[in-house]
Structures are given as C-alpha cells and as structure tokens.
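Ready for some practice in reading a protein structure? Take a look at the sequence and the 3D view, then work through the exercises at your own pace.

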Amino acid sequence: MASPQRKRYPVRTIRLLLRIFACLPLRASRVLASGVAALAWQLKLRAARTTIQNIEHCYRELTATEQRHLARKSLWHTACTVFELPAVWTSSYKRLKRWIKNVQGERLFTDGVKRGSLLLLIPHFGNWEILSAYMSTITNYSCMYSPRRLYELDELINQCRGRFGSEFLPVTRAGFRTLLTRIREGGVVIVLPDQVPIEGQSVSSTFLDQTLKSGTLAHSLLKRGEMKALMMAAVRCDGGFDIHIKEVDDAIYSLDADVSVQALDHEIERLVELDPAQYQWEYKRFRGCAEIYR
C-alpha cells in the first residue's frame, strides 16, 4: 500500500501547477491555448477527431473547409477553458470580476433567487466554470456531479469549485435526496443538461436536427412543480466574458419527458447559435444513435 505522503504528492503538484498558471494574464492563457489547440489538431488527438465528427454530423450544410475551420476554432475555445481554469479556481473574486464584461438578463436571475427554488441550466458552452464567481455575490447553489476515481483529486476539484460557498453532490441516491432538500428549502440548483446521460435516465431527442439520447434530470426536477428554470452561459469575448441569462420555453415544464427534454435541447440550440465554436464539441453526444465516431 502506498504511503499517505505518496498518495498526496500528485495532488500537491497539481495544486502548485494551478497556482503557477493562475498567475498568467488572461491574454497569455489564450495565446497558450492557441498553441495547444493547433498541436491537438495536427496530432489528430481524440478531442480533435470527435470535434470534427460532431461538426460534420450537425453542420452538413457547411463545406468541408468551413467545417474544419469551425472545428479548429472550437478546439481553441476548449483549450482556452482549460488554461483559464487555474485562475477561475484559485484567483480572488476581485480579479475574476474584471473578466466579466457584461451581464444580460441579470434581473431574471435575481428575481428568480428571491422567489426561491431556481433551476439553472448551464450547457458546456463558453466557460461555465466562471459562473460560480459571478453567482457568488448573489446566491450559493447545489450541483450534482459524477465522482472521480482518485479521491484526492476529486476532493481538490470540489474545493476549488466550491470555494465561494456552493455545494457539489455526488450522483448517488443520498446526493439526490440532498438535492431535493435544497429545492424544498428554496435553493438554487444547477444542471448541466448536455452531459452524456446515465443509462436508463434518458429519452430520445433531437439536437440540430440529429437524433441523440438526452438526460432527464432537469425534467425530473421540474415536474415537481416547485422550480423556475433559466438558461445561463458565460460567452468568451475580448478580454473576458459576457454572461447571458435567458428564459426558457414553457414546454420545458411539461410533465411529458419527451416534450420537456426536446424543448430543452431546442433551448441549447438557441444558445449554441450565439457562437457555435464555443460549444464543447468533443463530447460523444450522439453515441448509440449515430455511427460517426471512428
């Protein structure tokens, strides 16, 4: 058995690297991201392959050149998210606040918090991690996540993400019960609605006219009739981020899971239309529904 000192060593190293990279100016982080994205494209890494496969599948009206341009731009945005994370996870709120350039729809958010039991739908678009800093001056939130195999790394990431006071609950029965308690208490809950769904907790839907399986967690929470839903995203812009907060179609509140989930996927489409390159295309969202991943 490895000693406790040896087990903690990689985590200490990761913590040190986070602090080092957090010192980089935002512009420098994005320049580094350009190099990493270009390398990933040249080496045809899995992220690059999956990105172009998804884009070819969803944007068939584009030429091959346009598809490749969109894929390479998307890889850059994904790399930006990675290089921005150290600062987002460790820097002061004062520094991160300077990165938030504009907020559209903030009144929807603050009013929703006052009413209580608010569900925030946050797809993998732009840099969703910085939203924790933005929300911290308004409210705390609870969010479910899949625990990582390495406990020490799992604990470190949750500490970084929850340092502004929010709560991360494992995807277990106990975690779900705690989440329901937070809803009854009038809390704010976050769901990332475009994650690859858990087996048995999805329905068939369409996204950008392509069939896929989408998770039903948001529907399971909303059908209880206690929550209002909003869509939220941090869109990357020059020198920082613009935060967009939007109302959702009433069909999301349907008791019919198929109707609710399809309406949610349409709302994600509307968000992606802001800048398709900022969507995280390296998820194999169409797995099991389309033979596109090679």
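Below are four exercises with worked solutions, based on a predicted model.

**Exercise 1.** Find the order of the strands in the open sheet of 7 strands, and name its edge strands.

*Solution.* Start by following the sheet from one side to the other: the order is β1-β9-β8-β2-β5-β3-β4. Next, look for strands that pair on one side only; these edge strands are β1 (100-104) and β4 (167-170). Finally, check the directions: the pairing in this sheet is mixed. From one strand to the next, the twist averages 25 degrees.

**Exercise 2.** Work out how strand β5 (residues 188-191) sits in the sheet and where its side chains point.

*Solution.* Begin with the neighbours. β2 pairs with β5 in the parallel sense over 4 bridges, and here Leu-121 stands opposite Val-191. β3 and β5 also pair in the parallel sense, over 2 bridges, with Ser-142 as the bridge partner of Val-189. Ser-142 has a bridge partner in β4 as well, namely Glu-167.

Now turn to the side chains. In a regular strand they alternate between the two faces of the sheet. In β5, Val-188 and Ile-190 point one way, while Val-189 and Val-191 point the other way. All four of these residues are buried.

**Exercise 3.** Identify the residues of the nonpolar surface patch and the helix that gives the largest share.

*Solution.* First list the members: Leu-16, Leu-17, Ile-20, Phe-21 and Leu-32 make a patch of about 430 Å². Then place them along the chain: helix α1 (residues 4-22) brings the largest share, 4 residues. One residue of this helix is Ile-20. Ile-20 has a relative accessible area of 48%, so it counts as partly exposed.

**Exercise 4.** Compare three salt bridges among the 9 found in the whole structure.

*Solution.* Recall that side chains of opposite charge can pair when their charged atoms come close.

- Step 1: Arg-161 and Glu-129 form a salt bridge, with their closest N and O atoms 2.6 Å apart. Arg-161 is in helix α8 and Glu-129 is in the loop between β2 and α7, 32 residues apart. Glu-129 counts as buried because its relative accessibility is 9%.
- Step 2: Glu-185 meets Arg-182 at 3.6 Å, N to O. Glu-185 is exposed at 57%, whereas Arg-182 is partly exposed at 24%.
- Step 3: Glu-247 and Lys-228 have their closest N and O atoms 3.4 Å apart. This pair links strand β9 to strand β8. Glu-247 is partly exposed at 44%, and Lys-228 is partly exposed at 24%.

Methods
Residues numbered from 1 in each chain as written. Predicted model: local features only at pLDDT ≥ 70, side-chain atom pairs only at ≥ 80, totals over all residues. Heavy atoms only, no water. Pairing = 2+ DSSP bridges. Axes fitted to C-alpha atoms, helices over the stretch in contact; angles between N-to-C directions. Patch = residues over 30% accessible without salt bridge, like charges linked within 9 Å, V, L, I, M, F, W, Y side chains within 5 Å. Areas by Shrake-Rupley, 256 points an atom, 1.4 Å probe, with all protein chains shown as cover. Salt bridge = Lys/Arg side-chain N within 4 Å of Asp/Glu carboxyl O. Buried < 20%, exposed > 50% of the residue type's maximum accessible area, 1.4 Å probe, protein only.
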